[in-house]
Amino acid sequence: MKMMLSSLILLSGLSFATVACSPAEESVKTEEPVPSPDPEPTPEPQPGNGRTLVVYFSCTNTTKGIAESIVEITDGTLHRIVPEVPYTSEDLNYNNSSSRANREQNDPSARPAISGEIENFSNYDVIFLGYPIWWGKAPKIISTFLESHDFADKTIVPFCTSHSSGIGSSDTDLHELAKQAAWKQGQRFNGNESKETIKDWIESMNLNVNQNSNVGAFNLSKGENGKAPTVRLSSGYDMPIIGLGTYSLHGDVCVNSVKAALASGFRKIDTAHIYGNEEEVGQGVRESGIPREEIFVATKLYPNQFGNPEAAIAECLRKLDIGYIDLMLLHHPGTDDVKAYKAIEKYVAQGMIRSIGLSNYYIKEMTEFLPQVNMKPVLVQNEIHPYYQEKGIVEYMHGQGIVVEAWYPLGGRGHTAALLGDGTISRIATAHGKSSAQVILRWDLQRGVVVIPGSSNPDHIKENISIFDFELTAEEMEQIAALDRNEKHDWY
Ligand SMILES: NC(=O)c1ccc[n+]([C@@H]2O[C@H](COP(=O)([O-])OP(=O)(O)OC[C@H]3O[C@@H](n4cnc5c(N)ncnc54)[C@H](OP(=O)(O)O)[C@@H]3O)[C@@H](O)[C@H]2O)c1
Ligand SMILES: Cc1cc2nc3c(=O)[nH]c(=O)nc-3n(C[C@H](O)[C@H](O)[C@H](O)COP(=O)(O)O)c2cc1C
């Protein structure tokens with residue numbers, strides 16, 4: 001009987017009220033949550049990643065628990081919808097056809113007033129919206145919330161908790177109240193879901209928000225020499241935190257370097273149209289014997305390609321000849337960079353390119369660029385090494401949920417001698433029985449910066465991915481941080 005009843009309940013929220021709550025169904029009734037409103041709802045907005053807002057209404061705190069998990073996973077900001085007139089237990093009595101909740105649900109014009117406002121609402125891109133199911137629907141206070149905010153360019157992700165009803169049409173019924181928003185399909189929870197389950201749901205939506213991916217703090221204990229850990233990009237894809245740089249590698253040297261890197265355990269390769277070696281990189285990947293999907297390939301469009309980005313992207317895909325591209329960057333700011341980026345966004349939507357990033361963009365360029373595009377760049381690749389550390393920029397990008405990647409990590413071809421021979425770095429290297437190159441690369445990873453050292457020497461390549469068996473102390477990290485002298489080794 002209980003099973004049959006549950007099925008009925010799932011089919012209709014209304015049947016919940018009329019069947020499950022009938023006095024005859026004592027056994028089911030005892031399973032019902034006794035509505036006991038939160039006595040002192042205290043809305044406490046938390047600082048978050050700046051893009052994700054988790055708004056919820058909850059009388060008995062079931063929805064609150066799910067909302068808090070979402071905040072933890074997305075690093076978003078929490079906001080509780082507090083009714084101006086709190087709901088008492090009697091207000092919530094679903095057995096009483098004239099209870100306040102019942103009257104409101106049956107009155108199309110009911111709009112219970114909300115107390116307080118959400119600060120900086122316009123700054124959020126993604127809004128999770130949680131509510132309990134009341135007779136199969138969202139409480140009317142959710143309509144009040146939707147009608148009193150501007151949702152243009154925002155994504156709304158509805159979620160609900162209920163005793164047993166599904167989300168039904170409670171989410172789609174709300175669409176007409178915020179027509180400008182992009183609505184995701186709603187999700188029902190019973191309130192006991194694990195964080196893993198909630199995380200899987202969030203990841204499945206590819207919301208392009210920072211899913212607590214720790215873009216600035218890698219779990220290095222997961223790495224082994226020859227096997228680098230990955231970082232979760234805001235696109236939802238995982239990227240190895242060390243890759244092979246291929247600038248200035250050509251012909252067989254390039255093909256063999258790529259193959260040597262993949263054989264040594266590298267799973268990320270960085271190339272660019274302007275390096276003139278996309279064909280060789282693609283060949284190395286294809287001939288490596290390693291499944292394509294295990295390898296992460298990044299390439300870049302050069303500013304002289306921004307005018308006709310579709311042709312440029314098609315050329316990259318053709319030259320690489322490895323199916324999709326994992327990450328495409330704009331190599332530099334330049335005329336038509338927004339146009340080029342938006343063209344890449346279309347390829348992302350089609351799945352030919354998985355993630356988009358930028359290179360040689362600093363804070364000024366980013367603040368101008370970001371409002372003009374739809375998908376947040378997952379990564380920014382800039383010149384970074386101990387003599388040019390970009391501390392403020394690294395902090396800014398991480399705050400945005402953007403991975404930072406260092407080009408010229410060893411100082412750049414032709415400039416490595418000074419860095420590799422630096423007294424402080426050499427001393428630390430000796431203390432750990434490691435090379436200077438390994439110490440520099442490890443320093444980057446420990447400060448949350450991804451590295452792409454370039455090399456055509458198989459011994460160096462192997463050495464560069466053997467940096468997971470030692471750790472720099474906080475003092476050593478500081479000593480290297482103190483080497484910063486704002487010394488750029490290239491003009492961009
Ligand atoms: N976005 C941009 O604007 C931009 C600009 C420049 C570079 N990049 C990217 O960043 C990558 C890295 O930059 P890069 O390759 O120019 O410079 P780099 O990685 O700083 O240095 C490469 C130099 O270091 C040497 N090296 C590598 N590993 C070594 C080791 N373990 N011990 C001693 N020497 C070692 C290499 O020589 P061997 O070949 O002999 O090992 C090569 O001469 C590039 O390949 C490219 O993919 C991007
Ligand atoms: C007035 C009212 C009506 C309800 N109607 C339903 C319903 O139709 N279907 C259902 O499964 N649960 C129903 N419930 C149970 C709630 O949806 C469920 O307990 C929810 O998780 C409460 O969330 P909260 O603790 O965040 O307020 C109702 C509860 C109340 C108070």
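**Pro 86.** I started at Pro 86 in this predicted model, and asked whether Pro 86 is buried or exposed. Pro 86 has 14 C-beta neighbours inside 10 Å, so I noted it as partly exposed. I placed Pro 86 in the loop between β3 (82–83) and α5 (100–106). I also looked up its distance to Pro 112, which is 26 residues away along the chain: their C-alpha atoms are separated by 10.0 Å.

**Gly 168.** My next stop was another loop residue, Gly 168, between β6 (155–161) and β7 (182–183). Gly 168 counts as buried because 21 other C-beta atoms lie within 10 Å, and the cut-off for that is 20 or more. Lys 137 is 31 residues from Gly 168 along the chain, yet I find 7.8 Å between the two C-alpha atoms.

**The whole chain.** I then stepped back to take in the protein chain. I count 18 helices and 18 strands in it. Of its 492 residues, 45% are buried. I also checked how far apart in sequence the contacts reach: among those between residues at least 6 apart, 74% join residues at least 24 apart.

**Nonpolar cores.** Which residues touch the most other members of the largest nonpolar core? I find Val 258, Val 297, Ile 344 and Val 403, in a core of 77 residues. I followed Val 297 further, leaving out residues up to four places away in sequence, and its contacts are Ile 269, Val 281, Val 285, Leu 320, Ile 322, Ile 325 and Asp 326. Another core lies apart from the largest one; it has 40 residues, including Val 126, Tyr 131, Leu 146 and Ala 178. A reminder to myself: nonpolar side chains tend to be buried together in soluble globular proteins.

**Helix α8.** Val 258 took me to α8, where it is one of the buried residues. The helix runs over residues 251–264, 14 residues in total. From first C-alpha to last I get 20 Å, close to the 20 Å expected at 1.5 Å a residue. Along with Val 258, the buried residues of α8 are Cys 254, Val 255, Ser 257, Ala 260, Ala 261 and Leu 262. What covers these buried residues? I find β11 (244–245), β12 (268–270), α9 (278–287) and α17 among the covering elements. Just after the helix, Gly 265 has a positive phi of about 115 degrees.

**Ligand 1.** I met α17 again around ligand 1, where it gives three residues, the largest share of the shell. In total 29 residues surround this ligand, with Gly 245, Tyr 247, Trp 407, Gly 454 and Ser 455 the closest. The elements that give two or more residues to this shell are α14 (416–420) and α17 (458–464). By class I have 10 nonpolar, 16 polar and three charged residues.

**Ligand 2.** How many residues surround ligand 2? I count 26, and the closest are Ser 58, Thr 60, Thr 62, Thr 63 and Pro 132. Here α2 (13–20) and α4 (62–74) are the elements that give two or more residues. The classes are 12 nonpolar, 13 polar and one charged. Last, I asked where ligand 2 lies with respect to domain 1 (1–32) and domain 2 (35–204). Both domains give residues to its shell, so I wrote down that ligand 2 lies between them.

Definitions and conventions
Residues are numbered from 1 along each chain as its sequence is written. Chains are lettered from A and ligands numbered from 1 in the order in which they are written. This is a predicted model: local features need pLDDT of at least 70, side-chain atom pairs count only at pLDDT 80 or more; totals for chains, interfaces and linings use all residues. A residue is near a molecule or strand if its C-beta atom, placed from the backbone, lies within 6 Å of it. Helices (H or I, at least four residues) and strands (E, at least two) are DSSP runs, numbered from the N terminus. Ala, Val, Leu, Ile, Met, Phe, Trp, Tyr, Cys and Pro count as nonpolar, Asp, Glu, Lys and Arg as charged, and the others, Gly among them, as polar. A nonpolar core is a set of buried Ala, Val, Leu, Ile, Met, Phe, Trp, Tyr and Cys residues joined through C-beta atoms within 7 Å. A residue is buried if 20 or more other C-beta atoms lie within 10 Å of its own, exposed if 12 or fewer, and partly exposed in between; C-beta atoms are placed from the backbone. Two residues are in contact if their C-beta atoms, placed from the backbone, lie within 7 Å. Domain bounds come from an automatic or database domain assignment. The expected span of a helix is 1.5 Å times one less than its number of residues.
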